[in-house]
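Work through the exercises below with the structure open. Each task is followed by its solution.

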Amino acid sequence: MSNLFEMKNLNMHYPVTDGLMGNIKGYVYALNNVNLDIKENEILGLVGESGSGKSTLGNCILKLITPTSGEVLFKGENILNKKKNELKEFRKNAQMIFQNPYMSLNPRMKIYDILKEPLIINKKKDKKDKKEINQKIKEIINLTGIREEDLNRYPHEFSGGQRQRIAIARAIITNPIFIVADEPVSALDVSIQAQIINLMLELKQHLNLTMLFISHDLSVIKYISDTIAVMYLGEIVEIAEKDELFNNHKHPYTEALLNAVPVISEDKKTKKIILKGDIPSPQNPPQGCKFHTRCPYVMEKCKTRAPEFFEVSQNHRVKCFLCENKYC
Ligand code: SF4
(Lines give C-alpha, C1' and ligand atoms only; values in the text may rest on other atoms or scores of the structure.)
Protein backbone atom coordinates (compact mmCIF):
# COMPACT_ATOMS: atom_id res chain seq x y z
CA MET A 1 0.00 0.00 0.00
CA SER A 2 1.30 3.45 -0.82
CA ASN A 3 1.20 6.40 1.56
CA LEU A 4 -1.77 8.74 1.34
CA PHE A 5 -0.30 11.12 3.93
CA GLU A 6 3.27 11.76 5.01
CA MET A 7 4.09 14.09 7.87
CA LYS A 8 7.69 15.20 7.94
CA ASN A 9 9.33 16.94 10.92
CA LEU A 10 6.04 18.51 11.90
CA ASN A 11 6.23 21.10 14.68
CA MET A 12 3.46 23.14 16.24
CA HIS A 13 4.70 25.63 18.82
CA TYR A 14 2.09 28.10 20.05
CA PRO A 15 3.55 31.38 21.28
CA VAL A 16 2.54 32.42 24.81
CA THR A 17 2.32 36.20 25.20
CA ASP A 18 2.28 38.33 28.32
CA GLY A 19 -1.14 39.67 27.38
CA LEU A 20 -0.56 43.39 27.91
CA MET A 21 2.22 44.18 25.44
CA GLY A 22 1.86 41.00 23.42
CA ASN A 23 5.50 40.06 24.03
CA ILE A 24 6.25 36.38 23.53
CA LYS A 25 7.30 34.90 26.86
CA GLY A 26 7.45 31.25 25.84
CA TYR A 27 5.93 28.54 23.70
CA VAL A 28 3.54 25.63 24.11
CA TYR A 29 5.34 22.77 22.37
CA ALA A 30 2.24 20.93 21.13
CA LEU A 31 3.98 18.92 18.36
CA ASN A 32 7.67 18.14 18.15
CA ASN A 33 9.31 16.67 15.08
CA VAL A 34 6.46 14.35 14.20
CA ASN A 35 7.20 11.95 11.33
CA LEU A 36 4.25 9.76 10.49
CA ASP A 37 2.84 8.07 7.39
CA ILE A 38 -0.76 6.98 6.78
CA LYS A 39 -1.16 4.29 4.15
CA GLU A 40 -4.06 4.18 1.71
CA ASN A 41 -7.08 2.30 3.10
CA GLU A 42 -5.68 1.89 6.57
CA ILE A 43 -7.04 3.13 9.88
CA LEU A 44 -4.21 4.65 11.85
CA GLY A 45 -5.12 4.83 15.53
CA LEU A 46 -3.49 7.67 17.45
CA VAL A 47 -3.55 7.15 21.20
CA GLY A 48 -2.26 9.07 24.21
CA GLU A 49 -3.43 10.94 27.29
CA SER A 50 -5.25 14.27 27.09
CA GLY A 51 -2.74 17.00 26.35
CA SER A 52 -0.41 14.77 24.33
CA GLY A 53 -1.05 16.68 21.08
CA LYS A 54 -3.36 14.23 19.27
CA SER A 55 -6.00 16.76 18.27
CA THR A 56 -3.35 19.29 17.25
CA LEU A 57 -1.94 16.67 14.89
CA GLY A 58 -5.43 16.00 13.47
CA ASN A 59 -5.96 19.72 12.91
CA CYS A 60 -2.54 20.19 11.28
CA ILE A 61 -3.01 17.31 8.86
CA LEU A 62 -6.22 18.93 7.55
CA LYS A 63 -4.58 22.39 7.61
CA LEU A 64 -7.26 23.64 9.99
CA ILE A 65 -4.28 25.16 11.78
CA THR A 66 -0.92 25.88 10.13
CA PRO A 67 2.03 24.14 11.79
CA THR A 68 5.09 26.14 12.83
CA SER A 69 7.30 24.06 10.53
CA GLY A 70 7.44 20.77 8.67
CA GLU A 71 5.57 19.23 5.77
CA VAL A 72 2.25 17.46 5.32
CA LEU A 73 2.25 15.56 2.02
CA PHE A 74 -1.09 14.44 0.64
CA LYS A 75 -0.58 12.15 -2.38
CA GLY A 76 2.98 13.49 -2.52
CA GLU A 77 2.07 17.20 -2.52
CA ASN A 78 2.74 19.49 0.43
CA ILE A 79 -0.65 20.95 1.36
CA LEU A 80 0.97 23.50 3.67
CA ASN A 81 2.33 25.38 0.64
CA LYS A 82 -1.04 25.60 -1.04
CA LYS A 83 -3.19 28.72 -1.12
CA LYS A 84 -6.84 28.71 0.00
CA ASN A 85 -8.25 28.38 -3.54
CA GLU A 86 -5.82 25.52 -4.30
CA LEU A 87 -7.09 23.59 -1.26
CA LYS A 88 -10.65 23.18 -2.52
CA GLU A 89 -10.15 19.68 -3.89
CA PHE A 90 -8.23 18.66 -0.77
CA ARG A 91 -11.02 19.93 1.50
CA LYS A 92 -13.52 17.82 -0.46
CA ASN A 93 -11.29 14.78 -0.14
CA ALA A 94 -10.40 15.12 3.54
CA GLN A 95 -13.05 15.58 6.21
CA MET A 96 -13.28 15.61 9.99
CA ILE A 97 -15.60 14.04 12.55
CA PHE A 98 -15.49 15.81 15.92
CA GLN A 99 -15.88 14.54 19.47
CA ASN A 100 -19.04 16.42 20.29
CA PRO A 101 -21.64 16.04 17.53
CA TYR A 102 -23.94 18.57 19.21
CA MET A 103 -21.31 21.31 19.04
CA SER A 104 -20.37 20.44 15.45
CA LEU A 105 -23.93 20.62 14.07
CA ASN A 106 -25.65 23.97 13.57
CA PRO A 107 -28.62 23.87 16.00
CA ARG A 108 -30.66 26.20 13.77
CA MET A 109 -30.46 24.04 10.68
CA LYS A 110 -32.63 21.05 9.84
CA ILE A 111 -30.78 17.81 9.10
CA TYR A 112 -31.62 18.09 5.41
CA ASP A 113 -29.92 21.50 5.24
CA ILE A 114 -26.93 20.31 7.29
CA LEU A 115 -26.37 17.54 4.75
CA LYS A 116 -27.05 19.77 1.77
CA GLU A 117 -24.59 22.49 2.81
CA PRO A 118 -21.32 20.69 1.95
CA LEU A 119 -22.72 19.74 -1.48
CA ILE A 120 -23.52 23.37 -2.22
CA ILE A 121 -20.17 24.63 -0.91
CA ASN A 122 -18.22 22.12 -2.95
CA LYS A 123 -20.09 22.91 -6.14
CA LYS A 124 -20.77 26.47 -7.27
CA LYS A 125 -24.00 27.69 -5.65
CA ASP A 126 -27.19 26.59 -7.41
CA LYS A 127 -25.25 24.54 -9.95
CA LYS A 128 -26.31 21.29 -8.33
CA ASP A 129 -29.94 20.59 -9.01
CA LYS A 130 -32.37 19.59 -6.31
CA LYS A 131 -32.92 16.10 -7.67
CA GLU A 132 -29.22 15.33 -7.60
CA ILE A 133 -28.89 16.71 -4.05
CA ASN A 134 -31.85 14.69 -2.81
CA GLN A 135 -30.51 11.53 -4.42
CA LYS A 136 -27.14 11.99 -2.73
CA ILE A 137 -28.71 12.74 0.66
CA LYS A 138 -30.90 9.64 0.36
CA GLU A 139 -27.89 7.49 -0.47
CA ILE A 140 -25.93 8.81 2.51
CA ILE A 141 -28.73 8.51 5.07
CA ASN A 142 -29.26 4.91 3.97
CA LEU A 143 -25.57 4.22 4.57
CA THR A 144 -25.50 5.87 7.99
CA GLY A 145 -28.83 4.62 9.40
CA ILE A 146 -30.71 7.94 9.45
CA ARG A 147 -34.44 7.76 8.71
CA GLU A 148 -35.92 9.85 5.90
CA GLU A 149 -38.45 11.49 8.24
CA ASP A 150 -35.56 12.73 10.42
CA LEU A 151 -34.36 15.09 7.68
CA ASN A 152 -36.99 17.60 8.73
CA ARG A 153 -35.88 17.73 12.35
CA TYR A 154 -33.26 19.74 14.26
CA PRO A 155 -30.11 18.37 15.96
CA HIS A 156 -31.47 18.87 19.51
CA GLU A 157 -34.26 16.37 18.76
CA PHE A 158 -31.77 13.49 18.54
CA SER A 159 -29.76 11.40 20.99
CA GLY A 160 -25.95 11.62 21.09
CA GLY A 161 -25.52 8.49 18.97
CA GLN A 162 -27.98 9.68 16.31
CA ARG A 163 -26.29 13.08 16.22
CA GLN A 164 -22.94 11.39 15.63
CA ARG A 165 -24.52 9.45 12.73
CA ILE A 166 -25.63 12.79 11.27
CA ALA A 167 -22.11 14.24 11.74
CA ILE A 168 -20.65 11.18 10.00
CA ALA A 169 -23.19 11.52 7.16
CA ARG A 170 -22.19 15.15 6.70
CA ALA A 171 -18.50 14.21 6.66
CA ILE A 172 -18.90 11.57 3.95
CA ILE A 173 -21.42 13.33 1.71
CA THR A 174 -18.70 14.92 -0.45
CA ASN A 175 -17.19 11.46 -1.16
CA PRO A 176 -13.96 12.05 0.78
CA ILE A 177 -11.15 9.51 0.70
CA PHE A 178 -9.75 10.49 4.10
CA ILE A 179 -11.35 11.15 7.49
CA VAL A 180 -9.89 12.46 10.72
CA ALA A 181 -12.08 11.15 13.53
CA ASP A 182 -11.18 13.04 16.71
CA GLU A 183 -12.47 11.12 19.75
CA PRO A 184 -15.71 10.40 17.85
CA VAL A 185 -17.17 8.08 20.49
CA SER A 186 -15.80 9.36 23.79
CA ALA A 187 -18.90 11.49 24.50
CA LEU A 188 -21.23 8.51 23.93
CA ASP A 189 -22.56 5.71 26.15
CA VAL A 190 -20.60 2.46 25.86
CA SER A 191 -23.42 0.58 24.07
CA ILE A 192 -23.73 3.39 21.51
CA GLN A 193 -19.94 3.58 21.10
CA ALA A 194 -19.92 0.05 19.66
CA GLN A 195 -22.65 0.93 17.13
CA ILE A 196 -20.79 4.02 15.92
CA ILE A 197 -17.46 2.20 15.67
CA ASN A 198 -19.09 -0.61 13.69
CA LEU A 199 -20.70 1.98 11.41
CA MET A 200 -17.30 3.57 10.80
CA LEU A 201 -15.77 0.18 9.98
CA GLU A 202 -18.60 -0.57 7.53
CA LEU A 203 -18.16 2.83 5.86
CA LYS A 204 -14.42 2.32 5.65
CA GLN A 205 -14.99 -0.93 3.76
CA HIS A 206 -17.82 0.33 1.60
CA LEU A 207 -16.23 3.66 0.62
CA ASN A 208 -12.54 2.62 0.68
CA LEU A 209 -11.76 5.26 3.28
CA THR A 210 -8.45 5.99 4.95
CA MET A 211 -8.73 7.25 8.54
CA LEU A 212 -6.80 8.87 11.32
CA PHE A 213 -8.72 7.72 14.40
CA ILE A 214 -7.83 9.69 17.54
CA SER A 215 -8.69 8.36 20.99
CA HIS A 216 -7.38 8.23 24.54
CA ASP A 217 -9.05 4.80 24.90
CA LEU A 218 -6.83 1.87 23.90
CA SER A 219 -9.70 -0.62 23.85
CA VAL A 220 -11.49 1.50 21.21
CA ILE A 221 -8.24 1.96 19.27
CA LYS A 222 -7.59 -1.79 19.38
CA TYR A 223 -10.97 -2.58 17.91
CA ILE A 224 -10.83 -0.21 14.96
CA SER A 225 -7.19 0.34 13.97
CA ASP A 226 -4.82 -1.42 11.56
CA THR A 227 -1.75 0.45 12.80
CA ILE A 228 -1.32 2.27 16.12
CA ALA A 229 0.84 5.29 16.95
CA VAL A 230 1.36 6.17 20.62
CA MET A 231 1.84 9.85 21.41
CA TYR A 232 3.35 11.47 24.47
CA LEU A 233 3.88 15.21 25.00
CA GLY A 234 3.83 16.09 21.31
CA GLU A 235 5.96 13.17 20.11
CA ILE A 236 5.22 9.77 18.60
CA VAL A 237 7.00 7.33 20.95
CA GLU A 238 5.97 3.99 19.44
CA ILE A 239 4.34 2.85 16.22
CA ALA A 240 3.47 -0.66 15.08
CA GLU A 241 0.77 -2.75 13.48
CA LYS A 242 -2.05 -3.45 15.91
CA ASP A 243 -1.23 -7.06 16.87
CA GLU A 244 2.48 -6.29 17.17
CA LEU A 245 1.77 -3.32 19.43
CA PHE A 246 -0.52 -5.26 21.73
CA ASN A 247 1.61 -8.41 21.88
CA ASN A 248 5.11 -6.99 21.70
CA HIS A 249 5.02 -3.34 22.82
CA LYS A 250 8.33 -1.93 23.93
CA HIS A 251 7.90 1.62 25.15
CA PRO A 252 7.25 1.97 28.91
CA TYR A 253 4.53 4.53 28.18
CA THR A 254 2.68 2.09 25.88
CA GLU A 255 2.98 -0.51 28.63
CA ALA A 256 1.51 1.92 31.15
CA LEU A 257 -1.40 2.76 28.85
CA LEU A 258 -2.11 -0.94 28.32
CA ASN A 259 -2.00 -1.55 32.07
CA ALA A 260 -4.63 1.12 32.52
CA VAL A 261 -7.13 -0.86 30.39
CA PRO A 262 -9.43 -2.76 32.80
CA VAL A 263 -9.41 -6.58 32.45
CA ILE A 264 -11.72 -9.08 34.14
CA SER A 265 -9.14 -11.67 35.20
CA GLU A 266 -5.81 -10.34 36.31
CA ASP A 267 -2.50 -12.06 36.88
CA LYS A 268 -1.55 -10.44 40.16
CA LYS A 269 2.02 -11.74 40.00
CA THR A 270 2.87 -9.73 36.89
CA LYS A 271 4.69 -6.50 37.66
CA LYS A 272 2.84 -3.56 36.18
CA ILE A 273 3.75 0.01 35.39
CA ILE A 274 1.16 2.36 36.75
CA LEU A 275 1.37 5.94 35.52
CA LYS A 276 1.85 8.38 38.37
CA GLY A 277 1.18 12.10 38.22
CA ASP A 278 -0.03 14.19 35.33
CA ILE A 279 1.53 14.62 31.95
CA PRO A 280 4.08 17.51 32.25
CA SER A 281 3.16 20.91 30.84
CA PRO A 282 3.91 21.19 27.10
CA GLN A 283 5.05 24.75 27.91
CA ASN A 284 7.87 23.41 30.00
CA PRO A 285 8.62 19.87 28.75
CA PRO A 286 11.35 17.82 30.46
CA GLN A 287 14.83 17.70 28.91
CA GLY A 288 16.06 14.45 27.38
CA CYS A 289 13.41 11.77 27.02
CA LYS A 290 10.12 13.54 27.69
CA PHE A 291 8.80 10.50 29.56
CA HIS A 292 11.73 10.32 31.98
CA THR A 293 9.89 12.08 34.84
CA ARG A 294 7.35 9.20 34.97
CA CYS A 295 9.37 6.26 33.66
CA PRO A 296 10.22 3.44 36.12
CA TYR A 297 13.19 2.38 33.93
CA VAL A 298 14.78 5.84 33.71
CA MET A 299 18.58 5.89 33.30
CA GLU A 300 20.98 8.83 33.72
CA LYS A 301 21.28 9.38 29.97
CA CYS A 302 17.47 9.61 29.63
CA LYS A 303 17.54 12.86 31.63
CA THR A 304 19.82 14.70 29.22
CA ARG A 305 19.56 12.94 25.84
CA ALA A 306 16.44 12.45 23.75
CA PRO A 307 16.25 8.98 22.18
CA GLU A 308 15.79 8.66 18.41
CA PHE A 309 13.56 6.01 16.87
CA PHE A 310 14.96 2.47 17.10
CA GLU A 311 13.65 -0.17 14.72
CA VAL A 312 12.45 -3.24 16.61
CA SER A 313 11.19 -5.02 13.49
CA GLN A 314 9.70 -4.08 10.15
CA ASN A 315 6.99 -1.43 10.74
CA HIS A 316 7.70 -1.35 14.49
CA ARG A 317 9.64 1.67 15.79
CA VAL A 318 10.22 2.79 19.37
CA LYS A 319 11.70 5.95 20.84
CA CYS A 320 13.35 4.55 23.97
CA PHE A 321 16.97 3.83 24.96
CA LEU A 322 15.88 0.39 26.19
CA CYS A 323 15.62 -0.58 22.53
CA GLU A 324 19.04 0.75 21.59
CA ASN A 325 21.06 -1.97 19.86
CA LYS A 326 17.91 -4.14 19.83
CA TYR A 327 18.41 -5.20 23.46
CA CYS A 328 14.73 -4.87 24.27
FE1 SF4 B 1 12.20 5.49 30.03
FE2 SF4 B 1 14.65 6.18 29.28
FE3 SF4 B 1 13.08 4.80 27.65
FE4 SF4 B 1 12.58 7.35 28.17
S5 SF4 B 1 14.37 6.52 27.10
S6 SF4 B 1 11.11 5.70 28.11
S7 SF4 B 1 13.14 7.46 30.31
S8 SF4 B 1 13.91 4.12 29.60
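**Exercise 1.** State how the chain of this predicted model is divided into domains, and describe the contact between them.

*Solution.*
Step 1. Take the bounds from the domain assignment: domain 1 covers 3-232, and domain 2 covers 239-262 + 270-328.
Step 2. Count the residues in the contact: domain 1 gives 26 and domain 2 gives 21.
Step 3. Locate the C-alpha centres of domain 1 and domain 2: they lie 28 Å apart.
Step 4. Turn to area: about 2000 Å² is buried between domain 1 and domain 2. Carbon and sulfur atoms give 66% of that area.

**Exercise 2.** How many salt bridges are counted between domain 1 and domain 2? Then examine the salt bridge of Arg294.

*Solution.*
Step 1. The count between the two domains is one.
Step 2. Arg294 pairs with Glu49. Their closest N and O atoms are 3.0 Å apart.
Step 3. Test the pair against the 4 Å cut-off for a salt bridge. At 3.0 Å, Arg294 and Glu49 form one.

**Exercise 3.** Where does the ligand sit, and which residues surround the ligand?

*Solution.*
Step 1. Place the ligand: it occupies the largest cavity.
Step 2. List the surrounding residues. They are His251, Pro252, Cys289, Phe291, His292, Cys295, Tyr297, Cys302, Pro307, Cys320, Phe321 and Leu322.
Step 3. Sort this shell by class: ten residues are nonpolar and two are polar. No charged residue belongs to the shell.
Step 4. Assign the polar class: His counts as polar, and His251 and His292 are in the list.

Key:
Residues are numbered from 1 along each chain as its sequence is written. This is a predicted model: local features need pLDDT of at least 70, side-chain atom pairs count only at pLDDT 80 or more; totals for chains, interfaces and linings use all residues. Side-chain values use heavy atoms; hydrogens and water are left out. A residue is near a molecule or strand if one of its heavy atoms lies within 4 Å of it. On a 1 Å grid over the protein atoms alone, a cavity is a set of points where a 1.4 Å probe fits but cannot get out, and a pocket is an open set with protein on both sides within 12 Å along at least five of seven lines; lining residues have an atom within 4 Å of a point. A molecule sits in a cavity or pocket if more than half of its atoms lie within 2 Å of its grid points. Domain bounds come from an automatic or database domain assignment. Contact means heavy atoms within 4.5 Å. Buried area is the accessible area (1.4 Å probe) that two parts lose on being put together, summed over both. A salt bridge is a side-chain nitrogen of Lys or Arg within 4 Å of a carboxyl oxygen of Asp or Glu.
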